[in-house]
Amino acid sequence: MRAGLLKDRITLLRPVATETDYSVNEPVYEPVCTVWANVRHKSGTLGVSSDMLVNVPRVIFTIRNHVRLDYGMMIEFKAVRYVIIDIDDTTDRDFLIVTTEAKV
């Protein structure tokens with residue numbers, strides 16, 4: 001993949017445990033870095049929430065391999081947060097292909 005195809009900016013978010021007033025540890029996501037990415041929208045999945053059908057879009061991000069990326073992290077793109085489902089580093093050299101779903 002040519003570097004010119006990485007034309008969108010995304011923000012990688014890392015969870016940080018914080019304690020609330022009720023002594024509950026809730027993860028708060030803080031930005032780690034902003035990187036260039038190639039964004040491909042794929043079909044989503046249907047889920048049921050409160051007796052309603054909800055469409056959860058699936059998006060594939062391709063980023064350079066110089067970033068440390070873990071499964072607990074999230075990706076933010078155009079004010080939408082995406083949960084990481086799969087990280088594939090075997091197909092393209094020096095690139096990570098990250099499959100995500102939008103957080104509902």
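The questions and answers below concern a predicted model of one protein chain.

Q: What makes up the secondary structure of the chain?
A: The chain has 0 helices and 6 strands. Along the sequence the pattern reads β-β-β-β-β-β.

Q: How do you know that Glu101 and Arg58 form a salt bridge?
A: The closest N and O atoms of Glu101 and Arg58 are 2.7 Å apart. A salt bridge needs a side-chain nitrogen of Lys or Arg within 4 Å of a carboxyl oxygen of Asp or Glu, so the pair Glu101 and Arg58 qualifies. This pair links distant parts of the chain: Glu101 lies in strand 6 (residues 95-102) and Arg58 in strand 3 (residues 52-64), 43 residues apart.

Q: What makes the link between the side chains of Glu101 and Arg58 a polar contact as well?
A: The distance given for this contact is 2.7 Å. The cut-off for a polar contact is a pair of N or O atoms within 3.5 Å, and the contact of Glu101 with Arg58 meets it.

Q: Why is Glu101 called buried?
A: The relative accessible area of Glu101 is 18%. Buried means under 20%, so Glu101 counts as buried.

Q: Is Arg58, the partner of Glu101, buried, exposed or partly exposed, and what is the reason?
A: Arg58 has a relative accessible area of 27%. Partly exposed covers the range between the buried limit of 20% and the exposed limit of 50%, so Arg58 is partly exposed.

Q: How many salt bridges does a search of the whole structure find?
A: The search finds 2 salt bridges. Besides the pair Glu101 and Arg58, the side chains of Asp70 and Arg68 meet in a salt bridge.

Q: Why do Asp70 and Arg68 count as a salt bridge?
A: The N to O distance between Asp70 and Arg68 is 3.7 Å. The limit is 4 Å, so this pair passes.

Q: What makes Arg68 exposed and Asp70 partly exposed?
A: Arg68 has a relative accessible area of 62%, and exposed means over 50%. Asp70 stands at 31% relative accessibility, which falls between the limits of 20% and 50%. Arg68 is therefore exposed, and Asp70 is therefore partly exposed.

Q: Why is strand 6 described as mostly covered?
A: In strand 6, 8 of its 8 residues are buried. Phe95, Ile97, Thr99 and Glu101 point one way from the strand, while Leu96, Val98, Thr100 and Ala102 point the other way, and all are buried.

Q: How do you know that strand 6 pairs with strand 3 and with strand 5?
A: Strand 3 and strand 6 are joined by 7 bridges and run antiparallel. Strand 5 (residues 80-88) and strand 6 are joined by 6 bridges and also run antiparallel. Pairing needs at least two bridges, so strand 6 pairs with strand 3 and with strand 5. Within strand 6, Val98 stands opposite Phe61 and opposite Ile87.

Q: Which residues touch the most other members of the largest nonpolar core?
A: Ile10, Phe61 and Leu69 do, in a core of 19 residues. Strand 1 (8-19), strand 2, strand 3, strand 4 (74-77), strand 5 and strand 6 each supply at least two residues of this core. Leaving out residues up to four places away in sequence, Leu69 touches Leu12, Ile63, Ile84, Ile87, Leu96 and Val98. In soluble globular proteins, nonpolar side chains tend to be buried together.

Q: Why is Asp88 called partly exposed?
A: Asp88 has a relative accessible area of 21%. Buried would need a value under 20% and exposed one over 50%, so Asp88 is partly exposed. Asp88 is found in strand 5 and touches Phe95, Leu96 and Ile97, not counting residues up to four places away in sequence.

Q: What makes Asn25 exposed?
A: Asn25, in strand 2 (residues 25-49), has a relative accessible area of 57%. The limit for exposed is over 50%, so Asn25 is exposed. With residues up to four places away in sequence set aside, Asn25 touches Thr18 and Glu19.

Q: What share of the residues in the chain is buried?
A: Buried residues make up 32% of the 104 residues. The chain exposes about 6900 Å², and carbon and sulfur atoms supply 49% of that area.

Definitions and conventions. Residues numbered from 1 in each chain as written. Predicted model: local features only at pLDDT ≥ 70, side-chain atom pairs only at ≥ 80, totals over all residues. Heavy atoms only, no water. Helix = DSSP H or I, 4+ residues; strand = E, 2+ residues; numbered from the N terminus. Buried < 20%, exposed > 50% of the residue type's maximum accessible area, 1.4 Å probe, protein only. Areas by Shrake-Rupley, 256 points an atom, 1.4 Å probe, with all protein chains shown as cover. Polar contact = N/O pair within 3.5 Å; in protein donor to acceptor, adjacent residues only side chain to side chain. Contact = heavy atoms within 4.5 Å. Core = buried A, V, L, I, M, F, W, Y, C linked by side-chain atoms within 4.5 Å.
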